[in-house]
Amino acid sequence: MPTKSYVRTTRLLLVLIIFFFLSSFFPYFTFSQTSSNCIETSIGTIPKDASGGCSQQCDIQAPNDLQTIKTGLLADGIIITGDELDIPNATEVYNTWCLLKKSSKYLQLLGAKSDPIEVRFKHTYESQGSHAFPCAGFSSAVIKPRFIELYGAQGSACATYRLDFLIAHELGHQIRFKNPDIYNKWYSTAYNPSFPTWNCQKDYGPGPWPEECFPDMIAEYVFYKKWEMFTEPPQPFLEMKTTYLTMYTFTRDNIFGGTEY
Ligand SMILES: [Zn+2]
C-alpha cells in the first residue's frame, strides 16, 4: 500500500509530465486560434478579448517599431510608404488591417497577397497645392501599381477612429475595383441611399453617391460599434444592424464571408 507522500509525489510528477507535454505543443494551440477566427499575423497572434471573442482593437500587439510593422504588413501584401509615414500612422494601418484580415473572404476579394497594395501617407494632396489636406483619402482605380493615399493623417486633424475608418474605406474602393460583380450585385439588391454617412449622401455635393457608399458600408461594418462616420464625439452606429440590416447582411455575407465585428 503506497504511502500518502508517495501518492502526492506521483501525482506531482504526472502533472509536471502533462504540463511539459502540453507546452511543447503550444505553437499548435496558437495556430488553432486561427480557425476560430482570431488572426495570426506575421507580427504576432492577436489575443482573445475579455469576453472570449477576438480583439476588436488589435493595437495591443502593434510593435513600437516601424520596420517590424512594415515587414509584418508586407508579408500580407500591404506596403506602407510616404512622407507622413510614422509609427502612429503605421500602427493604425496595422490595427485596421488586423481587423480586416480576420475574414478570409475579404482577403480573397482584396487579393493583396498576390497583388500588393501600397498605402501612401502623404502630407499633400497634389491637386490641392502645397497645403495639407487633413484626414482625407484617395483610392486609385489604376490596376498597376495598386495604391491608396491618405492625406494629412499626422497630428490631431485625423483622430485614430477617423483614420481607421478612412483606411477601411479606401481599401473598400479596391474591393470594388477588383470585384465589379459584387458591387453590381450590391447596387441592384442591397443599396440603400439613405445610409447616413457622409460619403453616401453628401460627398462632392448633392448625393447620393453609391460608389462612395459601398466603401463606407464596408468601413461601417467593421467599425459600427465604435463610430458612425462624422459624428463628433464618436458615437456607435447601431442602426447598422436594424434600419440598415440589408446592407449589413450583404456586407457580412458577400464581403466578409460571415465574419462579424
Ligand atoms: Zn471614397
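This report walks through a few strands and helices of the structure above.

The model is predicted: local features need pLDDT of at least 70, side-chain atom pairs count only at pLDDT 80 or more, and totals for chains, interfaces and linings use all residues. Residues are numbered from 1 along each chain as its sequence is written. Helices (H or I, at least four residues) and strands (E, at least two) are DSSP runs, numbered from the N terminus.

**The strands**

Let's start with how the strands pair, where a pair needs at least two DSSP bridges between the two strands.

| Pair | Direction | Bridges |
|---|---|---|
| E1 (residues 78-81) and E2 | parallel | 4 bridges |
| E2 (residues 117-122) and E4 | parallel | 6 bridges |
| E3 (residues 136-139) and E4 | antiparallel | 4 bridges |

You can pick out individual partners too. Isoleucine 80 stands opposite valine 119 in E2. Between E2 and E4, isoleucine 117 has arginine 146 as its bridge partner, and arginine 120 has glutamate 149. From the other pairing, serine 139 is matched with isoleucine 148 in E4. A hairpin of 6 residues leads from E3 to E4.

Strand E4 covers residues 146-151, and 5 of its 6 residues are buried, so the rest of the structure largely encloses it. Here, a residue is buried if 20 or more other C-beta atoms lie within 10 Å of its own, exposed if 12 or fewer, and partly exposed in between, with C-beta atoms placed from the backbone.

**Helix H9**

Helix H9 (residues 210-223) has 14 residues and should span 20 Å at 1.5 Å a residue; its end C-alpha atoms are 19 Å apart, which agrees. The expected span is 1.5 Å times one less than the number of residues. Because 12 of the 14 residues are buried, H9 is largely enclosed by the rest of the structure. Among those buried residues are Phe214, Met217, Tyr221 and Phe223, along with Asp216 and Glu220.

**Helices H3 and H4**

How do H3 and H4 pack? Helix H3 (residues 66-74) and helix H4 (residues 87-100) meet at an angle of about 30 degrees, with their axes 10 Å apart. Axes are lines fitted to C-alpha atoms, for helices over the stretch in contact, and angles run from 0 to 180 degrees between N-to-C directions.

Leu66, Ile69, Lys70 and Leu73 of H3 touch residues of H4 including Ile87, Val93 and Trp97, where contact puts C-beta atoms, placed from the backbone, within 7 Å.

Technical notes:
Two residues are in contact if their C-beta atoms, placed from the backbone, lie within 7 Å.
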